[in-house]
Amino acid sequence: MFNKEIDFIKKLYHNKSIINLHEPAFLGNEKEYLNNCIDSTFVSYLGEYVTYFEKMIAEFVGVDHAVAFVNGTSALHIALKVAGVGASEEVITQSLSFVATANAIKYTGADPVFVDVDLASLGMSSESLRNWLAQNTYKEEINNLEENKNQTRCFNKSTKKRISAIIPMHTFGFPCDIEEIVKIGVEFNIPVIEDSAEALGSFIGDKHLGIYGKAGVLSFNGNKTITTGGGGMLITNDAYFAERAKHLSTTAKVAHPWEFVHNEVGYNYRMPNINAAIGVAQMEKISEILKNKKETAESYYNHFNNTEVECYFGNSNMNPNYWLNTIKFENESLRTRFLTETNANGIKTRPIWNLLSELPMYQGCQRGELINSNILEKTLVNLPSGFRS
Ligand SMILES: Cc1ncc(COP(=O)(O)O)c(C=O)c1O
């Protein structure tokens, strides 16, 4: 039934026998920098590549501070902690996301609350967020003893727990309605942390994703736009936030020439120099990688445009990274047939994740109406999107 699509994808990827969803592309100085790293003996978290990689990312996304982590999940965990999320609190996120988004919330001791996504952007729906907050929360003035001032906080009417953060996610690198979500955060006094793990190289106009809220997080896992093997980055314009994130991720070690002073419970979450060395080489090629991915996305869009399959491309104000190209079928049975036929032909297409709110550990969590999430869970497919050489 899908022979035309199979031929098209095979041709796009030069008739390779197996076409993976997203392979890393090593195009430049990776091996040289790894050798330098080994020769220098600085292979762990101290080393010049870490500092250099942080600078490159900060410059590329247009932010004042970037802090490198072992992966995106640990960066999300620390971003939440620094934003003030604690045990027995609640954090709002979307049900349609990778499991790491909810896991990072759980690591802080807080519980996720799931809202719906938008059919057009695939990211958090600002309308669903606003409705849930309006119907389920109340505000209260709290005296902050540390800062000696009153602060307005937002609480859940039924659980009486504080809502301490909102984490929207930019699905597959497509920008969600982040400007509106940040406005809602201000209105309800809740900080926004952007899960932009999939969005390196994605912009709205000329503003990079991940820098609209209090902080954002990127991932450099092997399947992402660029990779460091494993790795993540916290990006923020807030110097204090960055400093706290760096301290907590470096086992809360206080600088001293020889003593081991750790002044609170910290985490061993800093990116090793050896991973950063790969990251520097990858960032040197980011423009080439993004251009190649955009061309692939255009090919898919031209192929699927005016067919019964919807191909996501973003609107004219968006400049997504086209991390994973995405199509939507009219119903689940067509989607299953497409997945079966393409995979039988060596094309590793994939469905989107199962809803987080349905996973065993999150089934008991509060949620809004998840109408769009349920539709998309059954009808979306990711197409091979890696670098085409
Ligand atoms: C939406 C989302 N959040 C978080 C992560 C976690 O990143 P990492 O795998 O680097 O821990 C990923 C990707 O892996 C992701 O896709």
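Helices here are DSSP runs of H or I with at least four residues, numbered from the N terminus. With that in hand, let us walk through this structure, which is a predicted model.

**Helix α11 and a pair one turn apart**

A good place to begin is helix α11, which covers residues 332-344 and holds both E341 and R337. These two are four residues apart, so about one helical turn separates them. Their side chains form a salt bridge in which the closest N and O atoms are 3.2 Å apart. How exposed or buried is each partner? E341 is buried, because its relative accessible area of 17% falls under the 20% cut-off. R337, at 41% relative accessibility, counts as partly exposed.

**Salt bridges around helix α7**

The salt bridge count for the model comes to 16. Another of these pairs joins R130 to E187, and it links distant parts of the chain: R130 sits in helix α6 (residues 126-136) and E187 in helix α7 (residues 178-187), 57 residues apart. R130 has a relative accessibility of 28% and counts as partly exposed, and E187, at 38%, is also partly exposed. Helix α7 holds a local pair too, K183 and E180, three residues apart and separated by about one helical turn. K183 is exposed at 53% relative accessible area, while E180 is partly exposed at 25%. Through shared partners, salt bridges join R130, E180, K183 and E187 into one network.

Here are the three pairs described above:

| Salt bridge | N to O distance |
|---|---|
| R130 and E187 | 2.8 Å |
| K183 and E180 | 3.7 Å |
| E341 and R337 | 3.2 Å |

As a general point, side chains of opposite charge can pair when their charged atoms come close.

**The four-stranded sheet**

Now for the strands. Four of them make an open sheet with mixed pairing, in the order β1-β11-β10-β7. Its edges are β1 (65-69) and β7 (193-195), each of which pairs on one side only. On average, neighbouring strands are turned by 20 degrees against each other, with direction ignored. At the β7 edge, three bridges connect β7 to β10 (residues 215-219), and these two strands run parallel. Within that pairing, D195 stands opposite V217.

Which helices accompany the sheet? Helix α3 (residues 48-61) packs on it, touching β1, β10 and β11 (232-236), and its direction makes about 130 degrees with that of β1. Helix α8 (residues 239-249) lies across β1, β7, β10 and β11, running at about 15 degrees to β1.

**The nonpolar cores**

The largest nonpolar core has 30 residues, and those with the most contacts inside it are F53, I57, L200, F220, M233 and I235. Elements that each supply at least two of its residues are α2 (30-40), α3, β1, β11, α9 (273-283) and α10 (286-304). Helix α3 gives the most, with seven residues. Where does this core lie with respect to domain 1 and domain 2? Domain 1 (3-25 + 286-356 + 366-383) and domain 2 (30-284) both give residues to the core, so it lies between them.

F53 shows how this core is knitted together: leaving aside residues up to four places away in sequence, F53 touches F220, I226, T228, M233, M271, A276, G279, V280 and M283. A second, separate core has 26 residues, including L80, A83, V91 and Y267. In soluble globular proteins, nonpolar side chains tend to be buried together.

Definitions and conventions: Residues numbered from 1 in each chain as written. Predicted model: local features only at pLDDT ≥ 70, side-chain atom pairs only at ≥ 80, totals over all residues. Heavy atoms only, no water. Pairing = 2+ DSSP bridges. Axes fitted to C-alpha atoms, helices over the stretch in contact; angles between N-to-C directions. Contact = heavy atoms within 4.5 Å. Core = buried A, V, L, I, M, F, W, Y, C linked by side-chain atoms within 4.5 Å. Buried < 20%, exposed > 50% of the residue type's maximum accessible area, 1.4 Å probe, protein only. Domains from an automatic or database assignment. Salt bridge = Lys/Arg side-chain N within 4 Å of Asp/Glu carboxyl O.
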